[in-house]
Amino acid sequence: MRGAFAVIGLLALGGCAAEAPIEQPSMYLSMADAGAKLDSQAAASMISLYRQNNGLGAVVVDPELTKLAESQSQAMASHNKLDHDLKAPLEKRLNASGYPATLAVENVSAGYHTLAEAFSGWRDSPPHRANMLKNGVTKLGIAASYAPNTKYKVFWTLILASSDPR
């Protein structure tokens with residue numbers, strides 16, 4: 001009798017466990033969807049860990065840099081063009097926004113559907129990797145813009161900067 005109760009109890013617990021949804025990590029969520037929201041904290045964690053593994057300091061999300069990254073990604077998406085200087089060179093965009101950057105670099109890309117793909121693409125490209133490993137940057141802004149009727153579908157911008165006096 002005790003064995004029967006034990007089996008029933010285990011089956012009941014097993015049923016509860018099977019009902020728990022398995023949540024996909026945000027770095028694997030597709031940005032090729034009109035309602036997709038990029039997890040900038042996940043991006044900061046990924047890039048910070050990569051930087052720390054290379055002997056550098058962490059970066060934190062900066063809302064002003066995020067707005068600048070969003071603007072750049074949206075401009076590229078609306079023009080169906082991958083281009084750092086589409087609106088203006090990074091330094092001019094930073095100055096026009098009033099952002100007090102003492103150091104800034106930018107990665108743009110297109111065609112990657114997930115944060116993990118974009119990060120891997122940047123990591124595997126020497127100039128993009130150099131930007132992610134830029135000594136002295138402490139903040140980031142990142143954005144992905146979806147444009148379904150374009151060649152690449154998703155346009156990415158990552159801005160890494162410091163506003164600390166050198």
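**Entry 1: the chain as a whole**

I call a residue buried when its relative accessible area is under 20%. With that cut-off I looked up the chain of this predicted model, and I noted that 37% of its 166 residues count as buried.

I then listed the elements and found 6 helices and 4 strands. Reading from the N terminus on, I wrote their order down as α-α-β-α-α-β-α-α-β-β.

I also looked up how far apart in sequence the partners in a contact are. Among contacts in the chain with a separation of 6 or more, 70% are between residues 24 or more positions apart.

**Entry 2: helix α2**

I asked myself what span helix α2 should have, given 1.5 Å a residue. The helix covers residues 40-53, and for its 14 residues the expected span is 20 Å; I found the end C-alpha atoms 20 Å apart, so the two values agree.

At the N-terminal end of α2 I found a cap made by Asp-39, which has a side-chain oxygen 3.2 Å from the backbone nitrogen of Gln-41. After α2 comes Gly-55, and I noted that its phi is positive, near 80°.

Next I looked up which residues of α2 are buried, and my list reads Ser-40, Ala-42, Ala-43, Ala-44, Met-46, Ile-47, Ser-48, Tyr-50 and Arg-51. As for what these residues pack against, I wrote down two helices, α5 (115-123) and α6 (126-132), together with the strands β1 (60-61), β3 (139-146) and β4 (154-162).

**Entry 3: Arg-51 and Gly-55**

Arg-51, which belongs to helix α2, made me stop, and I asked whether it is buried or exposed. Its relative accessibility is 1%, and because buried means under 20%, Arg-51 counts as buried.

I then asked which backbone oxygen atoms the side chain of Arg-51 reaches. One belongs to Gly-57, at 2.7 Å, and another belongs to Lys-134, at 2.9 Å. Setting aside neighbours within four places in sequence, I found Arg-51 in contact with Leu-56, Gly-57 and Val-59, and also with Met-132, Leu-133, Lys-134, Gly-136 and Val-137.

Gly-55 sits in the loop between α2 and β1. With 66% relative accessibility, Gly-55 counts as exposed, because the cut-off for exposed is over 50%. I also noted that Gly-55 and Leu-133, although 78 residues apart in sequence, have C-alpha atoms 9.2 Å apart in space.

**Entry 4: helix α5**

For α5, I wrote down Leu-115, Ala-116, Ala-118, Phe-119, Gly-121 and Trp-122 as buried. The buried residues of α5 pack against the helices α2 and α6, and against the strands β2 (103-110), β3 and β4. I had already met α5 from the other side, since it was among the elements that the buried residues of α2 pack against.

**Entry 5: two residues of helix α4**

I looked up Arg-93, which lies in helix α4. With a relative accessible area of 9%, Arg-93 is buried. A polar atom of the Arg-93 side chain lies 2.6 Å from the backbone oxygen of Ala-88. Leaving aside neighbours within four places in sequence, I listed Leu-68, Gln-72, His-84, Lys-87, Ala-88 and Glu-106 as the residues in contact with Arg-93.

Ser-97 also lies in α4, whose residues are 90-97. At 37% relative accessibility, Ser-97 counts as partly exposed, because its value falls between the cut-offs of 20% and 50%. A polar atom of its side chain lies 3.2 Å from the backbone nitrogen of Tyr-99. I noted too that Ser-97 and Leu-68 are 29 residues apart in sequence, while their C-alpha atoms are 8.0 Å apart in space. Leu-68 was also on my list of residues in contact with Arg-93.

**Entry 6: the largest pocket**

Last, I looked up the largest pocket, in which about 270 Å³ of space lies. I counted 15 lining residues, and those nearest the centre are Ala-36, Lys-37, Leu-38, Ala-144 and Ser-145.

Which element gives the most to the lining of the largest pocket? I found that β3 does, with 5 residues, and that α3 (63-79) and β3 each supply at least two. By class, I sorted the lining of this pocket into 8 nonpolar, 4 polar and 3 charged residues.

Notes
Residues are numbered from 1 along each chain as its sequence is written. Side-chain values use heavy atoms; hydrogens and water are left out. The expected span of a helix is 1.5 Å times one less than its number of residues. Buried means under 20% relative accessible area, exposed over 50%, partly exposed in between (1.4 Å probe, protein chains only). Contact means heavy atoms within 4.5 Å. A polar contact is a pair of N or O atoms within 3.5 Å; within protein, one must be able to donate a hydrogen and the other to accept it, and residues adjacent in sequence count only if both atoms are side-chain atoms. On a 1 Å grid over the protein atoms alone, a cavity is a set of points where a 1.4 Å probe fits but cannot get out, and a pocket is an open set with protein on both sides within 12 Å along at least five of seven lines; lining residues have an atom within 4 Å of a point. Grid points are joined across faces, edges and corners, and a volume is the space filled by probe spheres set on the points. Ala, Val, Leu, Ile, Met, Phe, Trp, Tyr, Cys and Pro count as nonpolar, Asp, Glu, Lys and Arg as charged, and the others, Gly among them, as polar.
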